[in-house]
Number of protein chains: 2
Amino acid sequence: MTGVRRKSGSVPVSLATVAAAAEVSISTVSRIVNGQTHRASRETIERVRGAIETLGYRPNQLGRALKRGESRVVAMLTANLNNPVMATVASSAEAALRAAGYVMILCDTHDRPELQDEYLKAMRSQAVQGYILVTNVKSPGLAEFVARGEPAVFACRRNPYASGAFVGIDNVGAGADAADYLWSRGCREPAVLFPAQSSSTIEDRLAGFSMRLLELGGRCSKAEAPGLSHLDVGYEAARSLLDRASLPQGVMCLSDQIAYGAHRLFFERGLRVPDDCVMVSIDGSTLSSWLAPWLTSVRVPYHEFGRHIVDLLGEIWRGEASGERILPHAFQSDVSSDFE
Amino acid sequence: MTGVRRKSGSVPVSLATVAAAAEVSISTVSRIVNGQTHRASRETIERVRGAIETLGYRPNQLGRALKRGESRVVAMLTANLNNPVMATVASSAEAALRAAGYVMILCDTHDRPELQDEYLKAMRSQAVQGYILVTNVKSPGLAEFVARGEPAVFACRRNPYASGAFVGIDNVGAGADAADYLWSRGCREPAVLFPAQSSSTIEDRLAGFSMRLLELGGRCSKAEAPGLSHLDVGYEAARSLLDRASLPQGVMCLSDQIAYGAHRLFFERGLRVPDDCVMVSIDGSTLSSWLAPWLTSVRVPYHEFGRHIVDLLGEIWRGEASGERILPHAFQSDVSSDFE
DNA sequence: CTGAAAGCGCTTACAG
DNA sequence: CTGAAAGCGCTTACAG
């Protein structure tokens, strides 16, 4: 039709178009597209494949999803994409999903309950087939979500309402390892810096650290600070620590970002790490070997999370009982081992 | 039906269920859901709303998208999610899309042409309504994509095949600013470190820097290195630089990540920045103020990109001529201005 | 003010 | 070996 201006894009080719071009029925094309080649003659198959090729046909996933009742779309809800840890998990999940033939919708809840609920509803509307949750502050919507038994894998932080599919590390153990490390460096009364906004991760790391220190015969002072960005948390917590006490021999930071923030305050006050104060944290971000060689950190294999998350999703979809995947953590024996 | 075990999740409520509950037709419910309240009686509206409420109905976007021909899903293709710059752009785009009622499918192409093409096809299958491209290495699929006139906004890097909707900064100008800065610090023959894998961003920054330096009467040596991670690029480029020449007074790094990488090599060789060598780069990552106070960087407002990207997408959908958005860049006058 | 019907693109028994 | 028909959940002229 001349005179008709299309805004943009080109009309996608439908099954009907292919069928017309190949002079067969829609059903036949559909079967061939879906690999049911044993139910058609050689010539038909070739004719249909030719038409598909020349027309550039690709099945519309909306139609398929509507009919089949499975969308091959997975939603990932993350607490804060600007946190490199979350970005790494998102990236590894995305790669694993793609390899399995799924696509990922990404949602950033900023750790806000209302936003989390909004996204949970929106994703249900999208008819996503599964959920990856790296957020889960408590919220009414999440409670209902869990009660409905939606197919979800929790990563890093546990489901706050029930047990179930989870990918993470032994955070209690990692906290204990950090205590051992400081102890071995001679710190008997270290401080621990942590965020006011808690989560199972934070609680576990904190508990593991304190308990181990107690076992060893030490004790720790605590400093917390509010904020979504752990950089700010570390800076402010370190400030409140130094404002009320003298510098401890060692500081445990519950995440690498907290360590970065604390380090900056130390730096501003002329304190050197580790010369004036030993610092340990948990995460083991790659970036530290580049920019924070002064930091010792328990390494968490975040780049492996995606694979296990997708494995667990598969188990859930197949109706298998789906458990936890606790991945190994370890100190980086040598920072330079991170290079290859 | 007793005995039937559902794997997980609960059956979503459809328009038909609501209609039955409210004892009206599907059409009527649909109209009310879509706000066409002026075509129904008060009682009907209330009855329907009641049913929607108690049943927890939410429209299935698949059905809606299929019928309307618009999915309210946007695909974002990014070159490397683990790069904080990309993560920031992704995060800002996600927020802007949500505010406009869209959801974002995220794809990580790892800057590989085949993967880029695979994603481009997969997204077409998903019937996404628009594209945000922060990747665009050249590839056959991207060329066809552009030729088809698909609704897309390019961010950071330009469309390699045509002009059109773009959000970014004046990279030539930013490169020139970096040259001015080094010049003002007395560097007459600085080195520039850049990745072997190029893009419009890299080319423009490089051209702006060299040209300006020439104008000023200086000259620069160049060092490049391969790799997807600019951390590696910076490290290797710095090595090749130092292995063949003496330390220049100043070094220009085409991205913050390159600067981090170069700094590490300098550090390993006992060289101090900026005492032994001034370093400047482009990006102005927030992280630098925490971990790399030795770095001076041209600040790019990546967190603003999302807003403009979504604006441009809207223009494209409305059929308006859609142009470029060149956002302002500037040196961080004072690193501490980043705190509030 | 309300509903029956067609159709978006697809899959899948069912019939031939 | 192949096709007509029903239906996934929705919207929207059209008729009443």
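**Exercise 1. Locate Pro274(B) and Pro274(A), and state the geometry of the peptide bond before each.**

Solution. Pro274(B) sits in the loop that links α11 (256-268) to β9 (278-283) in chain B. The model is a predicted one. The bond between Val273(B) and Pro274(B) is cis, with omega about 0 degrees. Next, take the other chain. Pro274(A) lies in the loop between α11 (256-268) and β9 (278-283) of chain A, and the peptide bond from Val273(A) to Pro274(A) is cis, with omega near 0 degrees. For context, most peptide bonds are trans.

**Exercise 2. Describe the backbone and the burial of Asp111 in each chain.**

Solution. Start with the general expectation: most residues other than glycine have a negative phi. Asp111(A) is not a glycine, yet its phi is positive, about 55 degrees. Its place is the loop between β2 (103-108) and α6 (113-125) of chain A. A relative accessible area of 9% falls under 20%, so Asp111(A) is buried. In chain B, Asp111(B) has a positive phi of about 60 degrees and is found in the loop between β2 and α6 (113-125). With a relative accessible area of 8%, Asp111(B) is buried.

**Exercise 3. Decide how strand β2 of chain B is paired and how far it is enclosed.**

Solution. First the pairing: strand β1 (residues 73-78) of chain B is joined to β2(B) by six bridges, and the two run parallel. One of these pairs Val73(B) with Val103(B). Then the faces: Val103(B), Ile105(B) and Cys107(B) are buried on one side, and Met104(B), Leu106(B) and Asp108(B) are buried on the other. Six of the six residues of β2 (residues 103-108) of chain B are buried, so the strand is largely enclosed by the rest of the structure.

**Exercise 4. Find the relation between the two chains.**

Solution. Two copies of a chain are related by a rotation about an axis and a shift along it. Here chain B is superposed on chain A by a rotation of 180 degrees with 0.0 Å of shift along the axis, at an RMSD of 0.0 Å. This is the relation of a two-fold axis. The C-alpha of chain B nearest the axis belongs to Ile105(B), 2.1 Å from it. As for the interface, 100% of the interface residues of chain B are also interface residues in chain A, so the copies meet through the same surface.

**Exercise 5. Trace the six-stranded sheet of chain A and name its edges.**

Solution. The strand order is β7-β6-β8-β9-β10-β12 in an open sheet of mixed pairing. β7 (221-225) and β12 (330-331) each have a single partner strand, so one side of each has no neighbour in the sheet. At the β12(A) edge, two bridges join it to β10 (residues 296-299), and these strands run antiparallel. Val298(A) has Phe331(A) as its bridge partner in β12(A).

**Exercise 6. Place helix α10 of chain A against this sheet, then characterise Asp243(A).**

Solution. Helix α10 (residues 230-244) lies across β6 (191-195), β7 and β8 (250-253) of chain A, at about 135 degrees to β7(A). Asp243(A) is in this helix. Its relative accessibility of 53% is over 50%, so Asp243(A) counts as exposed. The side chains of Asp243(A) and Arg269(A) make a polar contact of 3.3 Å.

**Exercise 7. Is Thr28(B) buried or exposed, and what does its side chain contact?**

Solution. Thr28(B) belongs to helix α2 (residues 26-33) of chain B. At 16% relative accessibility, Thr28(B) counts as buried. Its side chain makes a polar contact of 3.1 Å with the side chain of Ser25(B).

Conventions: Residues are numbered from 1 along each chain as its sequence is written. Chains are lettered from A and ligands numbered from 1 in the order in which they are written. This is a predicted model: local features need pLDDT of at least 70, side-chain atom pairs count only at pLDDT 80 or more; totals for chains, interfaces and linings use all residues. Side-chain values use heavy atoms; hydrogens and water are left out. Helices (H or I, at least four residues) and strands (E, at least two) are DSSP runs, numbered from the N terminus. Buried means under 20% relative accessible area, exposed over 50%, partly exposed in between (1.4 Å probe, protein chains only). A polar contact is a pair of N or O atoms within 3.5 Å; within protein, one must be able to donate a hydrogen and the other to accept it, and residues adjacent in sequence count only if both atoms are side-chain atoms. Copies are superposed by least squares on the C-alpha atoms of residues with pLDDT of at least 70 in both. Contact means heavy atoms within 4.5 Å. Two strands pair if DSSP finds at least two bridges between them. Axes are lines fitted to C-alpha atoms, for helices over the stretch in contact, and angles run from 0 to 180 degrees between N-to-C directions.
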